[in-house]
Each structure stands twice: as structure tokens, then as C-alpha cells.
Amino acid sequence: MSDAETLFERIIAREIPADIVYETDDTLAFRDINPQAKTHVLVVPKKRYRNVAELAAADPRLLAEVVTTAAKVAELEGLTRDGYRVVFNTDEHAGQTVFHVHAHVLGGEQLGFFGRYSGQGG
Ligand code: AMP
């Protein structure tokens, strides 16, 4: 893993602005700048791991906190009645662009199927 600071560490440090929706001691949730659904929030652990597999191996308690934070965001955003999606992109084929593990929480409308590249963002 590169030591280069990622964008998300700068958001966690409040060095660059973000629309923060929820925070715990160890996680931060903020709106995605390029939303792919009516509601699109990112949940990050404040400590950086490259992807969800590295986080799971190193600190399963923290992974659980990322997921419970995602569930709390879904509750706060009114997504629990109709459902929502939680996605962890991992590396190139999944389109991961920020190498600080993050859960995408998507909902607020009917979501499409996902999988094969369609040329659309997200
Ligand atoms: P991924 O492609 O899974 O690595 O997701 C990275 C996400 O970060 C993308 O959905 C971007 O739209 C989002 N993003 C990039 N810059 C910012 C920013 N400054 N604030 C909030 N979200 C951002």
C-alpha cells in the first residue's frame, strides 16, 4: 500500500470540505460528490486500509463498525423501509479510485442491476 495520503484522509482531517451526515469515534460518513443514486453516502474508517479485505483481515471490529455506520446512515436518510445497497469497490475492475476503504450506501429510489461495464459513471 502506498503511503501517499488519500483524499479521504484530508476529508477526515477537515482539510477539505465534505457534506458530513454522521460520525462515530472511528468512522465518518459523507455525501458522494458525484451521486449515483438519489441518496449516495460514503462511509470510511478513520484509519486507512486499502480495501475491505485488508480491513477485514486487520481489524474485523472496525469493519463491523463501518457496516453499522452504513446502517445508521440508511436509517437517518430514510432508506430502511424500501431498502438500499452497500458496495465496496476493490481495485481496477471494480473501478476503485480512492485507495482508502469506503462503503458506498446507495438508495432513495429503485436501483438498477449492476455488474458488467455499461460505460456509465459509478
Ligand atoms: P470508488 O470509485 O469506489 O473508489 O469511489 C470513490 C468515490 O469518491 C466516487 O464515487 C467519487 O464520486 C467520490 N469522491 C471523489 N471525491 C470526492 C469528494 N471530494 N467528496 C466526496 N466524494 C468524493
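**An open sheet and a ligand shell**

In this predicted model, five strands form an open sheet in the order E1-E2-E3-E5-E4, and their pairing is antiparallel. Strand E1 (20–23) and strand E4 (84–87) are the edge strands, each of them pairing on one side only. From one strand to the next, the twist averages 20°. As a general reminder, the strands of a sheet pair through backbone hydrogen bonds, and this can happen in a parallel or an antiparallel way.

The pairing of E4 with strand E5 (residues 103–107) gives a good example to follow in the structure. These two strands run in the antiparallel sense and are joined over four bridges. One residue pair to look for is Val 87 and its bridge partner in E5, His 104. Helix H3 (residues 60–76) packs on the sheet and touches E1, E2, strand E3 (39–45), E4 and E5. The direction of H3 makes about 155° with that of E3.

Attention now turns to the ligand. There are 16 residues around the ligand, and those that come nearest are Asp 32, Asn 89, Thr 97, His 102 and His 104. His 104 thus appears twice in this account, as the bridge partner of Val 87 and among the residues that come nearest to the ligand.

Several polar atoms of the protein can be found beside oxygen atoms of the ligand. In the side chain of Asp 32, an N or O atom is 2.5 Å from a ligand oxygen. For Asn 89, a polar side-chain atom lies 2.8 Å from an oxygen atom of the ligand. Val 98 takes part through its backbone, with an N or O atom 3.1 Å from a ligand oxygen. On its own, the ligand has 500 Å² of accessible area, and the protein covers 83% of this.

Helix H1 (7–12) and strand E2 (27–31) each supply at least two residues of the shell. H1 gives the most, with three residues. Sorted by class, the shell holds seven nonpolar, seven polar and two charged residues.

Definitions and conventions
Residues numbered from 1 in each chain as written. Predicted model: local features only at pLDDT ≥ 70, side-chain atom pairs only at ≥ 80, totals over all residues. Heavy atoms only, no water. Near = heavy atom within 4 Å. Polar contact = N/O pair within 3.5 Å; in protein donor to acceptor, adjacent residues only side chain to side chain. Areas by Shrake-Rupley, 256 points an atom, 1.4 Å probe, with all protein chains shown as cover. Nonpolar A, V, L, I, M, F, W, Y, C, P; charged D, E, K, R; others polar. Pairing = 2+ DSSP bridges. Axes fitted to C-alpha atoms, helices over the stretch in contact; angles between N-to-C directions. Contact = heavy atoms within 4.5 Å.
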